[in-house]
Amino acid sequence: MKSIQTKILLLVLTTALLTAIVIGGAGIFTAERIIKDNSRQVMNLMCGERALELDSTFSCIEQSVQVLADYALEQLDDVERFKTDNDYVEEYTKTLQSVAITTANSTTGAIAVYIRYNPEFTPPTSGLFWNKTESGDQFVKLTPTDLSDYEATDVEHVGWYYIPVEKKTSVWLLPYLNQNIDILMISYVIPLYKDNEVIGVVGMDIDYSVIIDMVKEIRVYESGYAFLTDQNNEIMYHQQYPKGTKMENLDSRQYAVVSRRLENDMNLVLVAPVAEINKEEDRLVRQIFVSVFFIGILFMVIAVMISRHIVKPLQELNRATQKIVSGDLSISLKPKTRDEIGTLTESFQITVCHLQEYMNYINGLAYQDSLTGIKNKLAYQDYVNDLEADIAKGTVKFGVVVFDVNNLKVVNDQYGHDCGDKLLKNVSSVISTNFMQSPVFRIGGDEFAAILEGEDYEQYQAIVGNFQQKVAEFNVDLPQEEKCSIAVGVAIYEPREDENFLAVFQRADAAMYVNKVDVKGQID
């Protein structure tokens with residue numbers, strides 16, 4: 001007959017073999033589709049990430065120009081004077097100058113900053129124009145372009161002014177060669193309007209090479225690259241094709257292509273050779289074969305471990321069951337798995353714990369005084385037996401305090417046994433409260449005892465000495481028939497004098513009777 005472990009081993013190995021064949025075949029069959037989808041996702045993700053980097057640069061430029069535009073409108077407090085008073089315009093321009101230079105210095109790629117005014121009511125060269133020197137270290141002041149020298153349709157010279165004014169919104173100007181300073185640039189311009197009047201424009205020219213350098217750094221697979229197009233899919237930058245080439249004219253049959261629209265309305269395009277993408281497919285197929293082989297080996301090892309892992313807790317459960325049958329409940333099982341066997345082990349242990357608790361509960365009832373709830377005479381006797389064993393070994397330190405309730409019979413006779421029971425409960429409470437570190441027993445009808453241990457043993461003189469004061473405090477709010485009157489006696493175990501527990505108890509009992517006479521004398 002085959003064991004459970006052998007059956008599990010065969011089942012796992014068979015399942016592993018079939019799984020490896022199915023997964024391996026399906027993996028090879030779908031490798032091409034997976035690679036294509038994955039490459040598209042990779043390129044889309046990379047294109048999105050690089051587009052975000054470029055857009056971050058464009059956004060910083062837009063924010064810089066917007067800050068300058070907001071400041072310019074805020075400082076303009078009188079549009080009519082601006083239109084008619086040249087001195088006011090000059091003072092206004094001086095106010096904007098430092099802010100314009102500071103903003104430009106903090107903007108990536110900025111090579112020029114300008115604020116130009118409407119030539120219809122200000123001189124055609126009015127405003128400010130600061131441009132970086134050839135060394136690129138600092139901005140220098142230049143004479144603004146004379147707007148009267150060009151037609152509004154002359155985009156290369158004055159498109160930066162008339163285009164945003166005509167559109168009445170901020171615009172990005174596509175890369176162009178600024179004939180005024182002979183630099184290929186890209187510009188962002190915001191028109192200034194106040195009280196429905198065209199005040200002028202605020203703009204920055206950005207060195208287009210900064211953007212190109214960012215695009216040049218983009219690499220896809222081994223030789224893939226990126227380039228830029230405009231809204232009409234005409235190339236604005238490409239490492240091979242000239243500016244203005246149409247996308248449809250590119251030989252893209254051997255390339256995978258993805259694109260993203262940028263903040264300045266250009267498109268970032270990523271291309272990667274299909275041949276390089278197919279290399280990934282070949283590599284994946286090889287990996288699948290190697291993985292299937294090693295997975296098969298791994299499954300064999302795992303099968304052995306799993307079979308042992310499953311059978312071991314079953315064997316432990318079997319042994320635990322045999323112990324319970326023999327009456328031994330000292331069982332400790334911990335679930336080692338989170339499966340049905342683990343649940344069974346946990347449930348089995350819980351059942352044993354409940355059984356132990358029930359047995360302890362039954363035993364507790366046998367050792368508990370039914371009226372006061374403290375330990376009873378049977379518990380006292382068992383405790384004394386244990387102390388006798390410790391005395392024989394010579395390894396024990398303890399003391400005995402004996403208590404006797406005064407006038408219990410009088411209370412029962414005058415007020416009834418219910419009041420007598422309340423009195424006994426009060427006595428039990430005050431003793432337990434004052435001897436918290438020691439076991440307290442009811443050893444007779446009106447007799448109690450405490451075995452001094454721990455801190456109670458070390459401080460017994462103070463505790464016993466203050467006991468009657470504590471009883472008096474306890475009695476303050478009680479009716480007369482429930483007030484406690486307790487005689488107390490204490491004795492400490494002396495190894496050289498006391499042969500057994502009884503000797504200590506008798507000395508404590510004798511001291512209690514002496515105290516009882518004193519207490520009654522005080523009451524009388």
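How many bridges join strand β11 to β13, and in which sense do the two strands run? Six bridges hold β11 (residues 399–405) against β13, and the two run antiparallel. That pairing is a good place to start a walk through this structure, which is a predicted model.

Let us stay with β13 for a moment. This strand spans residues 447–452, and five of its six residues are buried, so by the cut-off of under 20% relative accessible area the strand is mostly covered. One place to pick up its pairing with β11 is glycine 399, which stands opposite leucine 452 of β13. Strand β13 also pairs with β12 (residues 440–442), again in the antiparallel sense, here over three bridges. On that side, arginine 442 has phenylalanine 448 of β13 as its bridge partner. The chain passes from β12 to β13 by way of a hairpin of four residues. If you trace side chains along these strands, one rule of thumb may help: in a regular strand the side chains alternate between the two faces of the sheet.

Moving on along the chain, we come to helix α11, residues 454–458, where aspartate 456 has its place. This residue deserves a closer look. Aspartate 456 is buried yet has no salt bridge. The nearest side chain of opposite charge belongs to lysine 470, and it is 12 Å away. A salt bridge needs a nitrogen and a carboxyl oxygen within 4 Å, so lysine 470 cannot serve as a partner for aspartate 456 in this model. What, then, surrounds the aspartate? Setting aside neighbours within four places in sequence, aspartate 456 is in contact with Phe435, Met436, Gln437, Ser438 and Ile463.

Salt bridges do form elsewhere, and a search of the whole structure finds 11 of them. Three examples within helices are worth visiting. In helix α1 (residues 4–75), arginine 50 and glutamate 53 lie three residues apart, about one turn of the helix. Their side chains meet in a salt bridge with an N to O distance of 3.5 Å. Arginine 50 is partly exposed because its relative accessible area is 23%, and glutamate 53, at 42%, is partly exposed as well. The pair does not stand alone: Glu49, Arg50 and Glu53 are linked in a network of salt bridges.

Helix α3 holds the second example, glutamate 91 and lysine 94, which are three residues apart, about one turn of the helix. Their side chains meet at 3.9 Å, N to O. Glutamate 91 is partly exposed at 49% relative accessible area, while lysine 94 counts as exposed because its value is 56%. For the third, turn to helix α9 (residues 408–415), where lysine 409 and aspartate 413 are four residues apart, about one turn of the helix. The closest N and O atoms of this salt bridge are 2.9 Å apart. Both lysine 409 and aspartate 413 are exposed.

Now for the aromatic side chains. The structure counts 21 aromatic pairs. In one of them, the rings of phenylalanine 82 and tyrosine 117 have their centres 5.0 Å apart and their planes at 90°, so the pair is edge-to-face. This pair links distant parts of the chain: phenylalanine 82 is in helix α2 (residues 79–84) and tyrosine 117 is in strand β1 (residues 110–117), 35 residues apart. Phenylalanine 82 counts as buried because its relative accessibility is 0%, and tyrosine 117 is buried too, at 1%.

Tyrosine 117 has another ring partner in tyrosine 92, with the centres 6.0 Å apart and the planes at 40°, so this pair is tilted. Because tyrosine 92 lies in helix α3 (residues 86–105) and tyrosine 117 in strand β1, the pair ties together parts that are 25 residues apart in sequence. Tyrosine 92, like tyrosine 117, is buried. Elsewhere, ring pairs link Tyr380, Tyr383, Phe398, Phe441, Tyr493, Phe501 and Phe505 into a cluster.

Finally, a word on the cysteines. The structure holds zero disulfides. Among the cysteines, cysteine 60 is partly exposed because its relative accessibility is 42%, whereas cysteine 484 is buried, with a relative accessible area of 7%.

Note on methods: Residues are numbered from 1 along each chain as its sequence is written. This is a predicted model: local features need pLDDT of at least 70, side-chain atom pairs count only at pLDDT 80 or more; totals for chains, interfaces and linings use all residues. Side-chain values use heavy atoms; hydrogens and water are left out. Buried means under 20% relative accessible area, exposed over 50%, partly exposed in between (1.4 Å probe, protein chains only). Lys and Arg count as positive and Asp and Glu as negative; His and the chain ends are not counted. Contact means heavy atoms within 4.5 Å. A disulfide is a pair of cysteine sulfur atoms within 2.5 Å. Two strands pair if DSSP finds at least two bridges between them. Rings of Phe, Tyr and Trp (its six-membered ring) pair if their centres lie within 6.5 Å; planes under 30 degrees apart count as stacked, over 60 as edge-to-face and the rest as tilted.
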